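User: I should like to go through this structure by asking what justifies each descriptive term. Please set every value against its criterion.

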Amino acid sequence: RLSYYKNEVDKKYNKLLATIDTPLWHKDRSKETSAGNFISDVLLHAIGLQDHIVFTHGGFTRTNFIDTQITLKAVNETWPFTDGLHSIEVQGKHVKELLRKNVEQIGSDFFCCMSSNINIIVQNTKIAEITHNDSIIDDDAFYSLVFSSYTLDMMTANSFIDEMHSKNKKLIIPNTNQAIMNVMSDDFKYSIKDRISFV
C-alpha cells in the first residue's frame, strides 16, 4: 500500500522540467554562482519583460548542486520559496548606486546574483562600467528592478534601497516557486557566466 503512494509521489516529483548544458553550483552564497545566475535568468523569463533587472539573494538557492536534468523535486528542494516577486521603478543614478553597493557586498550574506542583462566591469577595485542590455545606464532614465518580497525587505532595511522606492513596489508574480516550475523548460536562453568582471 505504502509502495503505491511512494511510486505515485516519485512519479510526480521526478518529472523532468528542463535539461541544461552543465551542472549548476551554489557552494558560496556570498558571491556569484552558476545556480544563482541561472535562476535570475529563469525569473526574468517568468516575468516576460527582458528590460527588467532581476536580483536574487544568495540564500534563495538552498542546495549546493543542481544536475543537468532539472526535475520538479530539484526545483522544490533548491528554490522552495513561495513569496512573490515585486518590481520597483528606479532612476538610473540610483540603479548604479545599488549595483555599486552590491559589488561591495561580495563576500557577505547580502550579495545578490543578477540577471544576465546587467554587466559590471570593476577595475582597480572601482566600477569602470555598468551596462544594461549592452547600453550604458542613463542616470535620468527609469529602470524596473525585481526582487522577492524577502530580498526587497532585506535590502530596504539595510539601506541598499531607499524606502520611498520600496513603498511603490508592484507585485508581478504571486508565487516564485510556482512561477519557476511553470516556465522551466528547454526553450529559453540563459547565461551562467559572471555578471561582474574584474580587470
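User: Which residue in β7 is the bridge partner of Thr56?

Analyst: Cys113 is the bridge partner of Thr56. The model is predicted, so local features need pLDDT of at least 70 and side-chain atom pairs count only at pLDDT 80 or more, while totals for chains, interfaces and linings use all residues. Residues are numbered from 1 along each chain as its sequence is written, and side-chain values use heavy atoms, with hydrogens and water left out.

User: What makes β3 and β7 a pair of strands?

Analyst: Strands are DSSP runs of E with at least two residues, and helices are runs of H or I with at least four, both numbered from the N terminus. Two strands pair if DSSP finds at least two bridges between them. β3 (residues 53–57) and β7 are joined by 3 bridges in the antiparallel sense, and the criterion of at least two is therefore met.

User: In what order do the strands of the sheet stand, and what is the twist?

Analyst: The open sheet has 5 strands in the order β7-β3-β11-β6-β12, with mixed pairing. β7 and β12 (170–173) are at the edges because each has a single partner strand, which leaves one side of each without a neighbour in the sheet. From one strand to the next, the twist averages 35°.

User: How do you know that β6 pairs with β11 and with β12?

Analyst: The bridge counts settle both cases. β6 and β11 are antiparallel over 7 bridges, and Val90 stands opposite Tyr143 in β11. β6 and β12 are likewise antiparallel, over 3 bridges; here Ser87 has Lys170 in β12 as its bridge partner.

User: Why is β6 described as largely enclosed?

Analyst: Of the 7 residues of β6, 6 are buried, so the strand is largely enclosed by the rest of the structure. A residue is buried under 20% relative accessible area, exposed over 50% and partly exposed in between (1.4 Å probe, protein chains only).

User: Why is Asn177 called buried?

Analyst: Its relative accessible area is 6%, which is under the 20% limit, and Asn177 is therefore buried. Asn177 belongs to helix α7 (residues 176–183), a helix with 6 of its 8 residues buried. Thr176, Ala179 and Ile180 are among the other buried residues of α7. The elements covering them include β1 (16–19), α2, α3 (72–78), β6 and β12.

User: What makes the approach of the Asn177 side chain to Trp79 a polar contact?

Analyst: A polar contact is a pair of N or O atoms within 3.5 Å; within protein, one must be able to donate a hydrogen and the other to accept it, and residues adjacent in sequence count only if both atoms are side-chain atoms. The side chain of Asn177 reaches the backbone oxygen of Trp79 at 2.8 Å, and this distance is within the limit. At the start of α7, a side-chain oxygen of Asn175 also comes within 3.2 Å of the backbone nitrogen of Asn177. Under the contact criterion (heavy atoms within 4.5 Å), Asn177 touches residues including Val75, Asn76 and Phe81.

User: Why are α2 and α7 called roughly perpendicular?

Analyst: Axes are lines fitted to C-alpha atoms, for helices over the stretch in contact, and angles run from 0 to 180 degrees between N-to-C directions. Helix α2 (residues 34–47) packs on α7 at about 85°, with the axes 9 Å apart. That makes the two helices roughly perpendicular, the class covering 65 to 115 degrees (under 35 is roughly parallel, over 145 roughly antiparallel and the rest oblique). The α2 residues Ile39, Val42, Leu43, His45 and Ala46 meet Thr176, Ala179, Ile180 and Val183 of α7.

User: Which classes of residue make up the contact of α2 with α7?

Analyst: There are 7 nonpolar residues, 2 polar and no charged ones. Here Ala, Val, Leu, Ile, Met, Phe, Trp, Tyr, Cys and Pro count as nonpolar, Asp, Glu, Lys and Arg as charged, and the others, Gly among them, as polar.

User: Are Asn124 and Asn133 exposed or partly exposed, and what is the phi of each?

Analyst: Asn124, in the loop between β8 (118–123) and β9 (126–132), is exposed because its relative accessible area is 65%. Asn133, in the loop between β9 and β10 (135–136), is partly exposed at 39%. Phi is positive at about 55° in Asn124 and at about 50° in Asn133. Most residues other than glycine have a negative phi.

Note on methods
Lists of a residue's contacts leave out its neighbours within four places in sequence.
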